[in-house]
Amino acid sequence: MSDERADRTHPAVERVEAALLAAGVEPRVRWFEAATPTAVSAAAELGIEVGAIANSLVFTIDGEPLLVMTSGAHRVDTAYLGERLGGRIRRADAETVKAATGQTIGGVAPVGHPAPLRTVVDVSLAGYPEVWAAAGHPHTVFPTTFAELVLLTGGEPANVEPGAVES
């Protein structure tokens, strides 16, 4: 069960909320009693389609951090995306994720990082009127839209796997 009690806090969540406010977005962070570190668990808790979960996955492209905001219904094809972006993509380890985002795997938000990250936003998220992203902690999410996600992250809309239908 989730709630939106204001008495819950965490430094990473506070940074996400501050980044949202700075961008003119009212933060509506929802806290869960249990961690929801996967798209499936978050979607189940929210009662929505897994595709409406905006997974924050950190990779490296030619050694530099790359944030990929992908639909929970997709897997990132790193060879395909790397070819599209002009580099070699590898999954980042936990230490790289924490250094790049200030957040831990399972709770990585699209914003609130120590420095801007190159970001790709899965175009299939545009097929949902509302999407949910982690808010800096594995017990948190917040609602947004595809367009807002692109604006918040300065991200590049793209397919993240071959054959995905562009919305």
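In this talk I will go through one helix, two pockets and three single residues of a structure that is a predicted model.

Let me begin with helix 2, which covers residues 39-46 and whose buried residues are Ala 39, Ala 42, Ala 43 and Leu 46. Looking down the axis of helix 2, one finds these buried residues within an arc of 100°, so they line one face of the helix. As general background, an α-helix has 3.6 residues a turn, so residues three or four places apart point the same way. On the face of helix 2 that is turned away from the buried side, the exposed residues are Val 40 and Ala 44. What do the buried residues of helix 2 pack against? They pack against four strands, namely strand 2 (30-32), strand 3 (53-61), strand 7 (131-134) and strand 8 (140-144). After helix 2 comes Gly 47, and the phi of this glycine is positive, near 70°.

From the helix I move to the pockets. The largest pocket holds about 340 Å³ of space, and among the 23 residues that line it, those closest to its centre are Pro 37, Asn 55, Ser 56, Leu 57 and Gly 106. Helix 2, strand 3, strand 7 and strand 8 are the elements that each give two or more residues to the lining of this largest pocket, and strand 3 gives the most, with six residues. If we sort the lining of the largest pocket by class, we get 15 nonpolar residues, seven polar ones and one charged one.

The second largest pocket holds about 180 Å³ of space. Its lining is made up of Ala 39, Asn 55, Leu 57, Phe 59, Gly 72, His 74, Arg 75, Val 76 and Arg 91, and here too strand 3 gives the most, this time with three residues. By class, the lining of the second largest pocket divides into four nonpolar, three polar and two charged residues.

Since strand 3 has come up with both pockets, let me stay with it for one residue, Thr 60, which is found in that strand. Thr 60 has a relative accessible area of 15%, and it therefore counts as buried, the cut-off being under 20%. Setting aside residues up to four places away in sequence, Thr 60 touches Pro 65, Leu 66, Arg 88, Ile 89, Arg 90, Ala 92 and Thr 96. Arg 84, for its part, is 24 residues from Thr 60 in sequence, while the two C-alpha atoms are 14 Å apart in space.

The other two residues I picked both lie in loops. Arg 8 sits in the loop between strand 1 (2-3) and helix 1 (11-22). Is Arg 8 buried or exposed? Its relative accessibility is 18%, so Arg 8 counts as buried. The side chain of Arg 8 makes a polar contact, at 2.5 Å, with the side chain of Glu 33, and a polar atom of that same arginine side chain lies 3.3 Å from the backbone oxygen of Phe 32.

Finally, His 137 is located in the loop between strand 7 and strand 8, and because its relative accessibility is 17%, His 137 counts as buried as well. Which residues is His 137 in contact with, leaving aside its neighbours within four places in sequence? They are His 10, Val 13, Trp 31 and Gly 107.

Notes:
Residues numbered from 1 in each chain as written. Predicted model: local features only at pLDDT ≥ 70, side-chain atom pairs only at ≥ 80, totals over all residues. Heavy atoms only, no water. Buried < 20%, exposed > 50% of the residue type's maximum accessible area, 1.4 Å probe, protein only. Polar contact = N/O pair within 3.5 Å; in protein donor to acceptor, adjacent residues only side chain to side chain. Arc of directions from axis to C-beta. Contact = heavy atoms within 4.5 Å. 1 Å grid on protein atoms, 1.4 Å probe; cavity = no way out; pocket = protein on both sides within 12 Å on 5 of 7 lines; lining within 4 Å. Points joined across faces, edges and corners; volume = space filled by probe spheres on them. Nonpolar A, V, L, I, M, F, W, Y, C, P; charged D, E, K, R; others polar.
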